[in-house]
Amino acid sequence: MGSIVLLSIIIAVAIALLVVPFTKKGVKEQKALVNHTAILITTAIFVFIISVVFFYLTKVDLNWTILWPLLIIATLLGSIAASGKEQILKGSLFFISLVIGIYMLSAPLWNANEKYRGAKMNQKVEIEPFDEHETPASVPPKFARNKMKKAFGQVPNTSYYQLGNLQIQKVNGKYVYIAPVEFSGFFKWLKGKVTPGYFIMSATNAADNPKFIKQEMTYTPSSYFQKNLERHIRLANPTKIFYGDPQLEVNDDGKPYYIRTYGTFVSARNGFKASGIVMVDPKTGASKTYSLKHVPDFIDGAVSPEAVSLQNSYFGKYIHGFWNSVFGKRDVKLPTDEGTEANVSPIFDDHGNMYYFTDFTSPKAGVDSMLGYSLTNGKTGKATYYTGNLQESYMDSQGNLQIVEKKFIEKKWKGSMPILYNFYGEASWFTPVLDSNGFLQTYFIVSAANPEISVNAETPNAALKLYKLALQRGDSSLNRSSTSSIKTVSGTVLRVYKEKDDEYTSVSFLLSNHKNFIVSSEVSPLAVYLKEGDKVIVKYLNTGEQFLPVKDMTIKDLNVK
């Protein structure tokens with residue numbers, strides 16, 4: 001608060017000196033002196049009060065560059081009210097402040113190249129970071145939020161509170177959603193004083209029930225006055241530039257902390273580049289500042305999703321500068337807005353690192369072709385852009401959601417949280433599907449390059465199993481390179497299970513090497529005759545799954561494939 005008062009005093013004195021004229025014709029000297037002093041003091045007091053209220057309520061940074069609009073107004077009024085040499089001096093100050101204002105306002109026109117350089121990503125071709133070995137984050141935030149609301153009865157004094165923003169993270173090696181309990185209004189804050197805790201729920205298991213964790217928090221986004229989290233952070237860090245909302249992160253002991261991303265402007269007061277976080281203990285208010293290189297291990301989203309979304313915009317729009325982004329739009333690509341947090345979707349790799357996923361599409365209206373996608377590390381902010389196989393055209397997330405909507409048009413179900421994965425070497429959209437009430441109904445997988453190949457099932461594993469068979473029938477990526485190697489094995493069939501799959505038969509069998517395999521009769525038509533005791537030669541994809549997909553099979557007793 002001291003910083004606000006000090007800056008407000010400086011502003012008040014400066015504005016009073018600029019606005020109130022020292023010389024005025026036609027007024028007696030003694031009377032002019034008395035009037036001048038009174039007006040000067042009155043003006044300073046008025047500006048001081050307005051400044052304190054403005055900075056306290058808005059929580060903006062206290063850098064001098066925030067004052068340029070006020071400087072223009074004050075010097076303009078001062079030059080009009082003054083006369084003689086004073087008018088010339090204040091007129092000169094007005095001109096200088098006007099130049100500063102033009103510099104500030106025009107920054108987006110000339111700093112676009114600098115924004116692009118700051119957001120430039122490493123580029124790769126193959127879409128292969130995520131494949132069939134990994135468990136997709138299959139629970140969409142909307143569904144998790146609905147379940148948490150239904151479990152709100154676990155919260156003491158329920159009427160005081162409401163559910164805060166969801167945040168996905170890794171706690172004790174498990175991927176979970178965290179949502180703080182927030183105050184539902186000013187008078188509820190006056191009565192409650194502290195929030196009682198937060199909810200936690202699995203991000204990979206839709207059957208999991210939310211659990212309420214008791215952890216009292218005093219400094220929260222929904223608290224007021226000095227206990228308001230954003231104001232508390234601002235008063236402790238008056239000149240830092242923040243971008244994005246505060247987020248709740250929980251360590252492996254269940255202790256919650258609020259974090260907020262800070263950084264620098266690209267130039268003037270325009271643009272943003274993340275450089276660190278401020279971490280606050282919501283119970284005591286104790287805060288620490290960390291650069292991105294030294295962020296605590298338990299924090300997954302050090303870079304706010306808003307900051308990542310902004311960097312994606314810079315990377316896609318400003319490849320050839322500002323004017324090209326408006327008129328020619330050569331090589332321009334736009335990040336889509338289908339993400340779950342500020343137009344990006346947080347996902348985890350097999351090492352437990354969180355990334356923000358965004359796909360890019362063409363600025364041309366009516367085009368649903370994906371130009372590529374980016375993965376931005378949530379802890380470091382480093383990003384990689386994947387173009388995919390340039391010989392193929394990939395459908396973007398919006399096109400995927402349109403297919404989902406058409407698929408379930410009678411039921412009025414819609415897709416949520418589409419993520420691009422590499423399943424069996426095929427770039428594939430994985431989408432949880434919700435009903436009109438926000439409840440999870442099914443999982444939909446569709447090939448990004450071949451939209452006619454699609455499946456849906458009640459669980460992610462069931463959907464993947466069906467998708468594997470669909471790719472076999474479609475002779476798609478299972479005949480191309482994948483992260484899984486192709487192997488050949490021979491042996492005796494110990495067990496066989498057959499089930500009808502549309503117009504074909506799905507055959508699952510256990511071989512004498514104690515490995516399970518699955519094959520569609522479209523891939524191997526004579527598989528329908530397979531029985532216990534048959535000797536077979538199997539060419540399969542070594543995905544590491546329980547049931548390995550068969551590419552080709554020879555039944556020796558039949559002596560044919």
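Colleague: What are the helix and strand percentages over residues 62–81, and how far apart are the end C-alpha atoms?

Modeller: Good place to begin! In this predicted model, residues 62–81 are 70% helix and 0% strand, and the C-alpha atoms at the two ends lie 29 Å apart. The unreviewed UniProt entry lists 62–81 as a "transmembrane region", along with 6–22, 34–56 and 93–110.

Colleague: What do the same values look like for residues 6–22?

Modeller: Residues 6–22 are 82% helix and 0% strand, with 25 Å between the end C-alpha atoms.

Colleague: How do I describe two helices that pack together?

Modeller: Two packed helices are described by the angle between their axes and by the distance between those axes. Here, take α1 (residues 2–19) and α3 (residues 68–81): the angle is about 30° and the axes are 7 Å apart. Angles under 35 degrees count as roughly parallel, so α1 and α3 are roughly parallel to each other.

Colleague: Which residues make that contact?

Modeller: From α1 come I11, I15, L18 and V19, and from α3 come L70, L71, A74, T75, L77, G78 and A81. Sorted by class, the contact has nine nonpolar residues, two polar ones and no charged ones.

Colleague: Is there a general idea behind the spacing of residues on a helix?

Modeller: Yes: an α-helix has 3.6 residues a turn, so residues three or four places apart point the same way. Keep that in mind as you look at another helix, α11 (residues 397–407), where S397, G399, N400, L401 and V404 are buried.

Colleague: What do the buried residues of α11 pack against?

Modeller: They pack against strands β14 (354–361), β17 (394–395), β18 (414–415), β20 (426–434) and β21. Look also at the start of α11, where a side-chain oxygen of D396 comes to within 3.2 Å of the backbone nitrogen of Q398.

Colleague: How do I read whether a residue is buried or exposed?

Modeller: Look at its relative accessible area: under 20% is buried and over 50% is exposed. S447, in strand β21 (residues 440–447), is buried because its relative accessible area is 0%. Apart from neighbours within four places in sequence, S447 is in contact with M395, E426, A427, S428, I453 and Y467.

Colleague: Is K412 buried or exposed?

Modeller: K412 has 63% relative accessibility, so K412 counts as exposed. You will find K412 in the loop between α11 and β18. With neighbours within four places left aside, K412 is in contact with D435 and S436.

Colleague: How should I compare separation along the chain with separation in space?

Modeller: Put the two values side by side for a pair of residues. F357 and V125 are 232 residues apart in sequence, and their C-alpha atoms are 16 Å apart in space. K412 and V538 are 126 residues apart in sequence and 43 Å apart in space, again C-alpha to C-alpha. For Y257 and Q247, ten residues apart along the chain, the C-alpha atoms are separated by 8.3 Å.

Colleague: What surrounds F357?

Modeller: F357 sits in strand β14 and is buried, because its relative accessibility is 3%. Beyond neighbours within four places in sequence, its contacts include V344, Y373, P418 and W429.

Colleague: Where is Y257 found, and what does Y257 contact?

Modeller: Y257 belongs to strand β9 (residues 256–264), and at 17% relative accessibility Y257 counts as buried. Setting aside neighbours within four places, the contacts of Y257 include Q247, L248, M279 and F298.

Colleague: Which loop holds S222, and what polar contact does its side chain make?

Modeller: S222 is in the loop between β6 (211–217) and α8 (229–236). The S222 side chain makes a polar contact with the side chain of E182, at 2.5 Å. S222 is buried, because its relative accessible area is 14%.

Colleague: Last one: what is phi for N157 and for M417?

Modeller: N157 has a phi near 50°, a positive value in a residue other than glycine. M417 is not a glycine either, and its phi is positive at about 60°. N157 lies in the loop between α6 (141–150) and β2 (161–163) and is exposed, with a relative accessible area of 51%. M417 lies in the loop between β18 and β19 (419–423) and is buried, with a relative accessible area of 7%.

Key. Residues are numbered from 1 along each chain as its sequence is written. This is a predicted model: local features need pLDDT of at least 70, side-chain atom pairs count only at pLDDT 80 or more; totals for chains, interfaces and linings use all residues. Side-chain values use heavy atoms; hydrogens and water are left out. UniProt positions are given in the numbering used here, feature names are shortened, and annotations may be inferred rather than shown by experiment. Helices (H or I, at least four residues) and strands (E, at least two) are DSSP runs, numbered from the N terminus. Buried means under 20% relative accessible area, exposed over 50%, partly exposed in between (1.4 Å probe, protein chains only). A polar contact is a pair of N or O atoms within 3.5 Å; within protein, one must be able to donate a hydrogen and the other to accept it, and residues adjacent in sequence count only if both atoms are side-chain atoms. Axes are lines fitted to C-alpha atoms, for helices over the stretch in contact, and angles run from 0 to 180 degrees between N-to-C directions. Angles under 35 degrees count as roughly parallel, over 145 as roughly antiparallel, 65 to 115 as roughly perpendicular and the rest as oblique. Contact means heavy atoms within 4.5 Å. Ala, Val, Leu, Ile, Met, Phe, Trp, Tyr, Cys and Pro count as nonpolar, Asp, Glu, Lys and Arg as charged, and the others, Gly among them, as polar.
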